[in-house]
Amino acid sequence: MVTVLYYDSTMSDEERRKKLFGGDLFVYSPTPHSLQLVAFAREMAEKALAPHFPPDAQHHMEKQAYVDVLADLKPTFINHPRSKELVGGILADLDIDLTQAYLDVPRLRSMTSEYLNAGLTLQFESHRDTWFSAPFSQINYWIPVYDVAEDNAMAFHPRYFAEGVRNSSRDYNYAQWVQFGRSAAAKQVDMETRKQPEAEQEIEREPDIRVITPPGGILIFSGAQLHTTVPNTSGRTRFSIDFRVVNRKDVEAHSGAANVDSDCTGTNLGDFMRATDLERLPEELIGEYDTAPI
Ligand SMILES: [Fe+2]
């Protein structure tokens, strides 16, 4: 199997999605709107963590105070209308047809360096988003807010794109998670007790692929790609923005990456909003994916 990393490709979006569903990766230099989104996130983070520089703030604050600031900062960024607007702008920068593009709210993530490893700063083990009730046509976008390095970025394990991994996604239902799991996140500082799908076998994590771009660079990958947050040993907190997008035509056609091992129920499709007017997908269409309504 070959994994191609396309850099600043001028390929059409149709072509690009096909390649993504086949396991390829795409990387773009910062675009006007990705830079604006990064600037917006920085402004918010710098204000919230003042007088500290966000990547260094973890060394200067009490644990609980730090967690409290993030617990407030993240939803403020996620729910701000400007964030969604700028995501739409990024998609337009990449020549995506906005009338067909449905996006989930952009999340601001932080990964502290050997400091806190649960709840809001949860360090994800190797996973596919499709273990978490994502459709196989879901495409993920990842953008660093400050400089990243190999020891605080994300790693891909392309071998497993075509090879199944034994995992516990059978126990996961998205609607149940929304109802019971998510609200517990802010309360967990030291211990990660929420039930999340995870691998049930040893994963050969290396060789892996890590993509390092300047802040505002855009990494695009299929939600079926097995990926891991690299344990952060850089001494600095990594801040990044990620969001998911589906194309309505793919959702209607049930196209996307192959399912090699996901066994969860339900769907996250109810979260997606059309880039042009924030309309949701039609109920009937979401219903086609909702394998176990609760
Ligand atoms: Fe993920």
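In the predicted model, strand β5 (residues 139-144) is joined to strand β10 (residues 238-247) by 6 bridges, and the two strands run antiparallel. Within this pairing, I143 of β5 stands opposite I241 in β10. Strand β5 is also joined to strand β8 (residues 218-222), in this case through 4 bridges and again in the antiparallel sense, with I139 placed opposite S222 of β8. The burial of β5 is complete by the criterion applied here, under which a residue counts as buried if 20 or more other C-beta atoms lie within 10 Å of its own: 6 of the 6 residues of the strand are buried, so β5 is largely enclosed by the rest of the structure. Both faces of the strand are covered, since I139, Y141 and I143 on one side are buried, as are N140, W142 and P144 on the other.

The surroundings of β5 can be followed further through I220, a residue that touches L20, F26, I139 and Y141 when residues up to four places away in sequence are not counted. I220 is also listed, together with L37, A41, L91, L103 and V245, among the residues with the most contacts inside the largest nonpolar core, which has 62 residues. The largest share of this core, 7 residues, is contributed by helix α2 (residues 32-49). In soluble globular proteins, nonpolar side chains tend to be buried together.

A further sheet is open and consists of 3 strands in the order β7-β6-β9, with antiparallel pairing. Its edge strands are β7 (209-210) and β9 (227-229), each of which pairs on one side only. Strands β6 and β7 pair over 2 bridges in the antiparallel sense, and the bridge partner of F156 in β7 is I209. Strand β6 (residues 154-156) also contains A155, whose C-alpha atom lies 5.4 Å from that of I209 although the two residues are 54 residues apart in sequence. Once the neighbours within four places in sequence are left aside, A155 is in contact with D208, I209, R210, H227, T228 and V230. A155 nevertheless counts as partly exposed, because 18 C-beta neighbours are found inside 10 Å, whereas burial would require 20 or more.

At the level of the whole chain, 7 helices and 11 strands are present, and buried residues account for 43% of the 294 residues. The C-alpha atoms fill a box of roughly 50 × 40 × 40 Å when taken along the principal axes. The radius of gyration is 18 Å, in agreement with the value near 19 Å that a compact globule would have with 294 residues. Among contacts between residues at least 6 apart in sequence, 85% join residues at least 24 apart.

With regard to the confidence of the prediction, the mean pLDDT of the chain is 92, and 92% of its residues reach 70 or more. Over residues 118-122, however, the pLDDT is below 50, and this stretch has 20 contacts in the model beyond near neighbours in sequence.

Terms used
Residues numbered from 1 in each chain as written. Predicted model: local features only at pLDDT ≥ 70, side-chain atom pairs only at ≥ 80, totals over all residues. Buried ≥ 20, exposed ≤ 12 C-beta atoms within 10 Å, placed from the backbone. Contact = placed C-beta atoms within 7 Å. Pairing = 2+ DSSP bridges. Rg over C-alpha atoms; globule rule 2.2 N^0.38 Å. pLDDT = per-residue confidence, 0-100. Core = buried A, V, L, I, M, F, W, Y, C linked by C-beta atoms within 7 Å.
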